[in-house]
Amino acid sequence: MDATTKSSVHTGIIEFRDYIAELERTGQLLRIADPVDPLTEVGAIMRWANENYTQAQLFTNVKGAMPGSALVGGLYSTRERVAMVFGLPPDTDYHDLVDHFGEAIKKRLPPKIVDQGACQQNLMLGNDVDLSRFPIPKLHPQDGAPYIGTLNIGVCKDPDSDWVNWGTYRGMVHDKQSTGLLLLPMNQGGMLMMKYHERKQVMEYAQFYGGDPIFNIVASAGIPYGVSEVDVAGGIRGVPIPLVKCKTVNLHVPANAEVVLEGTLAPGDTKAEGPFGEYPGYVVSGVVDRPVYRLSAITYRDNPVLPSTCLGVPTDESLIWLLEVAATVKETLKAKGIPVVKVATPEFSGGHCVVVSTKTPYAGIPQLISSVVWSDRNASVFPYCIVVNDDIDPANMGEVFHALCTKCNPIKDIHIRRGSTNSPLTPYLPRSPLKEKGYGGGHVLFDCTWPIEWDPQDIPHRLAFNNTYPDDVKQKVLADVKRWGFKSLR
């Protein structure tokens, strides 16, 4: 297979290491054997690679880490790599990937419990727990400390049901046996923690790394409250996910994970966490007292591979989340009978904008679309919604920006909703005690559709190649320019 194959990459459960090998074989990953400093160099390399759309990076010689261990970055920072996780060709079209994503996360298949797994080949227990043996990077100079939890999956169980939540919640290293955790009131892990702590109970918590790459996809997706992400992962792969019981807590983790942290979060046990460079591309979260994750055990495979992501100016692994938002918003709009055509979440919005193309057979469709967007669990914190006519590709930011500047009347087509919830990580929010709860911003709709009251003859013709020339002329031109050797110089 090469980088433009039309064949599926894989089916069924995939080993994390097999995915890395596939990326390397297809030119999507580089192996770096030179010694690298995890506190000064690794983050800079990852950030440069992300901003220049280059390969993922496998660091096999991280200074200070246990022999045989490795650190990998950039695993899901491009659409090509995300497509490969789903078993799709790397060159899958953006909108085809969004549609596949939307269909995939509807599926459900419960896991199966197994007696043993590769994730428990090695064990650190109690006082022997030592995070410093792993290749944990300080990704940005401004970060408060090295962060092990950037591309992790946190596991916690609802005390009132069988629901088990998997979520990606960042973790800063405090010392060899504890980390901080960002569990906010609006994410599901934070909601479950509040249940325990309101009852003065300790919450057991596990955090695993690696395993099937689809685990990172579902843990970052907006899976509905009460639905276990492991069931979704099994549904996507078509086989039950094998889980093994943790050594010191009553939780289960994938048998093929690379590294597993086990421990607890106690009521009132907090410590200063942050700052950290986040997905909007800024250092926006300051130093705040957050829950302390106290480790009771670490299990890991022989020669463990630890995944990490260096967030910042797009692109990076937050792409997973953006694709999921586009997929779930489109599915919801279709279910409500709204004449939506395509949905995109532009990477360079930093997780702040949803763009929807639509037909407008009746009045108020842009307003209806925005209300549905902001009712989605994840899209609710995307403050900008841009609605365009169906001749605009919402994934083409040149077309979108042209429509915004030429069709959105600044007098009547910009609709502001004050006081709506924003992400606490939104850079424009002022620092205040309420920032952690998403206070201080709002939502805005940019209606870039032609006014419904206009006569069709009054709507200006948009002068683009695809909608200006007859089909026979376009086909001949496309054949000719290919034969003549034209190529894009941008």
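The exercises below, each with a worked solution, concern a predicted model.

Residues are numbered from 1 along each chain as its sequence is written, and side-chain values use heavy atoms, with hydrogens and water left out. In this predicted model, local features need pLDDT of at least 70 and side-chain atom pairs count only at pLDDT 80 or more, whereas totals for chains, interfaces and linings use all residues.

**Exercise 1.** Locate the cis peptide bond from Gly 274 to Pro 275 and the one that joins Pro 314 and Thr 315.

*Solution.* Begin with the bond from Gly 274 to Pro 275, which is cis with omega near -5 degrees. Pro 275 sits in the loop between strand E15 (270-273) and strand E16 (276-277), where helices (H or I, at least four residues) and strands (E, at least two) are DSSP runs numbered from the N terminus. Then turn to Pro 314 and Thr 315, whose cis bond has an omega of about 20 degrees; Thr 315 belongs to the loop between strand E19 (305-308) and helix H8 (319-335).

**Exercise 2.** Determine where Tyr 53 lies and whether this residue is buried or exposed.

*Solution.* Tyr 53, a residue other than glycine, has a positive phi, near 55 degrees. Next, find Tyr 53 in the loop between helix H2 (42-51) and strand E2 (56-59). Finally, take the relative accessible area, which is 42%, so Tyr 53 is partly exposed; with a 1.4 Å probe and protein chains only, buried means under 20%, exposed over 50%, and partly exposed in between.

**Exercise 3.** Repeat the analysis for Asn 303.

*Solution.* The phi of Asn 303 is also positive, near 50 degrees, in a residue other than glycine. Asn 303 is placed in the loop between strand E18 (288-300) and E19, and its relative accessible area of 45% makes it partly exposed.

**Exercise 4.** Identify the residues with the most contacts inside the largest nonpolar core, and state which helix gives the largest share.

*Solution.* A nonpolar core is a set of buried Ala, Val, Leu, Ile, Met, Phe, Trp, Tyr and Cys residues joined through side-chain atoms within 4.5 Å. The largest such core has 124 residues, and Phe 86, Trp 166 and Ile 298 have the most contacts inside it. Its largest share, ten residues, is supplied by H8. Apart from this core lies another, of eleven residues, including Cys 353 and Phe 446. To follow Ile 298 further, list its contacts (heavy atoms within 4.5 Å): not counting residues up to four places away in sequence, Ile 298 touches, among others, Leu 123, Phe 134 and Val 260.
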